Amino acid sequence: MSKRRPPPDPVAVLRGHRAPIMDVCFHSSKPILFTGSTDGELRIWDTLQHRTMSSSWVHSAAHGIITVANSPVIGIDKVISQGRDGTVKLWDIKEGGLPRVPALTIKTNSYHFCKLSLVKKPYTNLRQDKAPFHEHEEDLETVDANILYDREGNHKEDSVECSGTFEEDSIDGPKFVAIAGEQSSEVEIWDLNTAERISRLSHSCFGGSPSISTDKRGMCMAVQGYLPTESQGFVYVLAGYEDGSMLWWDMRNPGVPLTSVKFHTEPVLSLCIDGLCKGGISGAADDKIGLFSLDLSTASCVIKKEIILERPGISGTSIRADGKIAATAGWDHRVRIYNYRKGNALAILKYHHATCNAVSYSSDCKLMASASEDTTVALWELYPPQS
Amino acid sequence: MEEEAKRRRREVGSRVLDKVGEVISAIKTAKHVDQVICSLHSLAVLLFPLDPSLISGSLDEGYREQVLNANIPSAEEREEWWQAFYRGAAFPTLARVLLFDVASNWLPCFPYSAKERVYDAFFVSGLSTEVVQILVPCLQPNGNDNLDVNAVQSNSERLLLLCFLENDGVVQMAREFGSAHQSSDFTSAQLKPVLSRVAQIVASIPDKARPKASTSLSSHFFFKHITLQLLDEVQERVKNLPKEAIFNESGSDVTMLFVGETFSRICRRGFSDVLLGEVIPQVLGDVQWCLSSCSDPATEEVFEANPRSQFWLRMMEAINDSYAVERMSEQLLHQLAIEQATNIEAYWTLWILFNRVIKNQPSVRSMFVYKFLLWKVFPICCLRWIIQFAVLECPPVANSLTKGCDAHVLLDTVQRLVAAWSKREFVQSAPVEQQAYVTAAIGLCMELMSKEELDKSKDVMHSILQGVSCRLESPTHLIRKMASNIALVFSKVIDPKNPLYLDDSCIDETIDWEFGLTKPEKRALPSSNENDEAKTLTISEPEKDLNYSRNNGIGRNNKGENKKASQFKLVDPDEIIDPATLNYGSASDRDEDDEACENSDSSSDSSLQPYDLTDDDTDLQKKFTQLVDVVGALRKSDDADGVERALDVAEKLVRASPDELTYVVGDLARTLVQVRCSDLAVEGEEESVEEKRQRALIALLVTCPFQSLDTLNKLLYSPNVDVSQRIMILDIMTEAAQELANAKSMKPKHQSTVLISTISENQPWFLPSSSGPPGAGAWKEVSETGTLLNYSNRYERELPPKPGQIRKGKTRRWSLRTPNMQENQLEWTQNKFPIYAAAFMLPAMQGFDKKRHGVDLLGRDFIVLGKLIYMLGTCMRCASMHPEASALAPPLLDMLRSREICHHKEVYVRKAVLFAASSILVSLHPSYVASAITEGNLEVSKGLEWIRLWALDIVESDVDKECYMMAMSCLQLHAEMALQASRAIETAETTFKAKNVGLPSILSKGTIRIPFSNVEY
């Protein structure tokens, strides 16, 4: 057997932050990367030139940012930042830089470690267009999301539909955000348009299965909201808790979760759902990574594969849009790449010399960014999609 | 009847005296040699059976008549006369005349036959005991008479040779004593003084003989002969004696007494080796004969029954002189060891010689069990014999020590040995060889003891533990090894299943009691060599095979790749080829294909080839980049990993010498000293951790000497550190001093600019002035060709670039400095140490003699003291030839001179002092010594003189060999220093004289002694 290739080095390293970086997020269509650090700085990077485009202290330095998020759901030129000061801010970046004042500020009064989640919509098979990514830059203004999410011959009907609604939503539909609430054991859903809380999903108010005591779940540590095609515009939420259990909620029925499972023995730290919204990956403070599948019709969450780690602690997970590979950000400074379908390890990326806090894939599947406490962001190109 | 005999004897005696008087007067008045011969003959005829015709040939007519006509008495008459002559006063009187007057005046004229018959006969055929008493004093005549001393001496020597070597004089003496005793003329009590006097005289002969006397009279040769003669004679006698007489123990044999007396005198004169050289082969022969005669293990009865062994017993009994016995037995043991006697032979040899004496004479017993075990040093095999014979008191079985039934002697001995062994004084003062010997004795004895026996006396256990513990503290490895060996044996006695290994090195079963002190003698055993060769030959065959098959194996492994190549390479036609192995490569190939197929199943995943998934956690360990963090981590003693990592980086960080270093030096030094390496390191890796810690401390001392020394010196005498930490502090100070001394650093050369410009420069007037920018080259004449005569000489020189001017070269150098600058304006300086020397030495020297809580350098912590002195010595060496050395030498000398230090009980300390003293000698500049003496700096000159005297004292009196050697080299260094200094003084003197300045009168105050010359300054 031939010796395996050594794992690759990052293609670029973005330096500029002065504090540990908590979250990283690609722009859904432009070659732009958002990063937020613990000193409250939000940076916008050009991933082609590897330069900072804009930088601003959007939250107080004492509290810092825990999440940055961008999705077509909230608008192409919008970015959300969540600070540990109990606020979520929406920023308009149309001018190419960060404005002084946020477009919207929500006071959630939640002071915890749970990253908020924008509502994810399924896209069946996000294949990049023949055109290379950077060409989009020129026609930033003109490019429609339609083109981006244009799919090839094998697309289904519902996804066309979904795409249709997506465009509308992005303009005036409800823009939901799932956040661990003021009561840290609750999950709250907020509407970004109105800055109102829509719903509170609390596991303490249901009589649930006796096997899992409600008090024991503890804080909500990770949350992921999504909008399955079958749900007629109602948000489903997957939430991970301090005791390692996960609950699956239907927004329409906030009293009782659809199901509850417990894969982990330690707090669930990150959840990520794949592009089809048929499964996901969970990282926790223990030495396990769970690959699970979600079946809405039977309301069941089944673990497909459990990956055992050498060293515990996964603070971030991300599945590439094409659903082939997944990445985890580990406390052990490593970024690990897995074959999402089979669950076998593909690479252990050693670059960071501090805890990794987040990983994120660009929507064209070409780049991956990892954010670390060592104040750097590394960009990687692994298994680029064959076109 | 009795009366009659007496009367007759008296009568004969007076007649003999008359005759002798007659002869003497005849000799005195003789005018011719023949007259002397005649008169002597007339007496000789009366005493000895003599054929006159034999001497008459050489005489003149008249005298011949006289000789031939002498009447020859009967044999009985002669016997009567002989007895009267020798036992009375007649012989001494005549002998004196013969030996002095005749020997010097007439003897050279004697014809040979006459000399032999009428002169030598008086001595050779006389009563040997009397003869020897007369003869020997003549070897050293007092020269008051007008005699030819030389002639007298050589004649006496000749006669002695005749008596002793050619005529078995000693044998005759022995017989004479024997017969004297038998004839009951004398009681043995009366005989004894005579006997010992004669033996004394005999033994003194070689010493009294002139150095140029014949070699036969040399001690070695003479004693050897005497010994042989006596042994032969006595054995002959024993053989001829009836059996009852042999075993008749009461009858003390005077002959034997004489033999014993003579032997003891020989031993006293220091020739026991000669004596034993003759005795041992015979005894060994007897023992071997006895051993071979009985097939069973030899018993005492076998030896008892042997008459020859009885002889040896008696001989030893006859030697009363305990000193001689000791010398003999010592020699016996050594020679047996040289002869490589087996244990059994040696035991029986000892038994034959000493078995009765050891029972009857307590002095002999104490000699064996006390002196030979405690005070003397024998080879280990001898030690075994001594223990077997004197302590175990039973014959050995099969070459190993065997324990008899009675153990109380063993117990007593062990108790006594251990009591002496456990004392600290013994460890301090006894030479290493003796310590090893006593240790071996204890070990060998204890191996034979049981737990119960050991329990019987509480003292033994206590002493053993005490001895072991005080040895384990010793700085010498060998002594610690002794302790661990004894502890091992002890633990084996207490619990055989659970031996205690204090030392990793002594894992093997048998303990080396020789401690490697004796070098194994190389014995030439050609046969064994041959065997070895044969062995290697036989071994080499299978080895070849092995290599071959190994190669094959490798080949097989590679077959997957170069299968075809290897098929051609097959060499061995018999090789068994396993088809499976041949197919192995392709099989694995197929496997891979399978995998590939599997991978390609899901065509979309084909690109997802995993990368190398190996992972290690080296990068995960927290790295320290700040010295503050290092200090913090070192303080957390519960986080072993953190401490270890901090130690890993400490040295590098310190060497980088960051700005923060100066602020943390103190803390860092303190924490580094106080880190407990043994607690945190993995088993077996303590060394490397310790090493790292020390490297870090050394780096600290080198980069930041003053601040870190401040802390370390405080710690050195602080009650909060233990001995090992103190030692470590001193060690690192030593190493740091050396590193500083060897450090090279570049510094800009000091440009000696001339402050006063002189007109008369040392260059020709026609050259342009040499003034100019620094670094300018010398003027050179520009050579111009073409015209022969040129009125204007042109000169050029190279100038250094002006500031701001950049010289462009063809090669690019990333340096602003021009190479010229580097060469000219930088210099290497060496030895950064001297400026720090005082900081290194003075604080450490201050508190050595104070006894505080936990600090007792002069007593318990002597190792620290030794290390301290060694450190100071090293510092002196590092600063040698610098002015600082001269400044620091006096206080150091003061310290060394203090009584508690230079006469410390521990060898270790004395060695360190010797080292420091020689370091001072080496490091002082001769001119400084010279000036110290001329200017009357008493401190230095007295100190140096003290070194000499003290080293002399050590050379004379120290027990330790190494100390002796070091003191010798110290003396040598002193001599060299003195020589250098005296040269310096001489040059000073000449310059003084040249300037008409008298030497200061105080010159005489200081003194340097130069050995082998009487010059004293």
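Leu472(B), Leu500(B) and Leu502(B) make a nonpolar patch of about 230 Å² on the surface of this predicted model. One of the three, Leu500(B), belongs to the loop that runs between α27 (477-494) and α28 (526-557) of chain B. Its relative accessibility is 39%. Residues count as buried under 20% and as exposed over 50%, so Leu500(B) is classed as partly exposed.

The interior of the model offers a contrast in topic. In soluble globular proteins, nonpolar side chains tend to be buried together. Here the largest nonpolar core has 179 residues. Those that touch the most other members are Phe85(B), Phe110(B), Tyr119(B), Phe122(B), Phe123(B) and Phe368(B). Helix α6 (residues 90-106) of chain B supplies the largest share of this core, with 11 residues. A second core, separate from this one, holds 110 residues, including Val649(B), Met728(B), Ala839(B) and Leu921(B).

Phe368(B) can be taken as an example from the largest core. Leaving aside residues up to four places away in sequence, Phe368(B) is in contact with Ser329(B), Leu350(B), Phe354(B), Ile358(B), Leu373(B), Ile386(B), Phe389(B) and Ala390(B).

A serine of chain B can be followed in a similar way. Ser156(B) sits in helix α9, which spans residues 149-166 of chain B. The relative accessible area of Ser156(B) is 0%, so this residue is buried. With residues up to four places away in sequence again left out, Ser156(B) touches Leu135(B), Cys138(B) and Leu139(B).

In chain A, strand β3 covers residues 32-37. Six of its six residues are buried, and therefore the strand is largely enclosed by the rest of the structure. Ile32(A), Phe34(A) and Gly36(A) point to one side of β3(A), while Leu33(A), Thr35(A) and Ser37(A) point the other way. Both sets are buried.

The neighbours of β3(A) in the pairing are β2(A) and β4(A). Strand β2 (residues 21-26) of chain A runs antiparallel to β3(A), and five bridges join the two. The link from β2(A) to β3(A) is a hairpin through five residues. Strand β4 (residues 41-46) of chain A is likewise antiparallel to β3(A) and joined to it by five bridges. Three residues lie between β3(A) and β4(A) in their hairpin, and in that turn Gly40(A) has a positive phi of about 85°.

Gly36(A) connects the two pairings. On the β2(A) side, Gly36(A) is the bridge partner of Asp23(A); in β4(A), its bridge partner is Leu42(A).

Key. Residues numbered from 1 in each chain as written. Chains lettered and ligands numbered in written order. Predicted model: local features only at pLDDT ≥ 70, side-chain atom pairs only at ≥ 80, totals over all residues. Heavy atoms only, no water. Buried < 20%, exposed > 50% of the residue type's maximum accessible area, 1.4 Å probe, protein only. Helix = DSSP H or I, 4+ residues; strand = E, 2+ residues; numbered from the N terminus. Pairing = 2+ DSSP bridges. Contact = heavy atoms within 4.5 Å. Patch = residues over 30% accessible without salt bridge, like charges linked within 9 Å, V, L, I, M, F, W, Y side chains within 5 Å. Areas by Shrake-Rupley, 256 points an atom, 1.4 Å probe, with all protein chains shown as cover. Salt bridge = Lys/Arg side-chain N within 4 Å of Asp/Glu carboxyl O. Core = buried A, V, L, I, M, F, W, Y, C linked by side-chain atoms within 4.5 Å.
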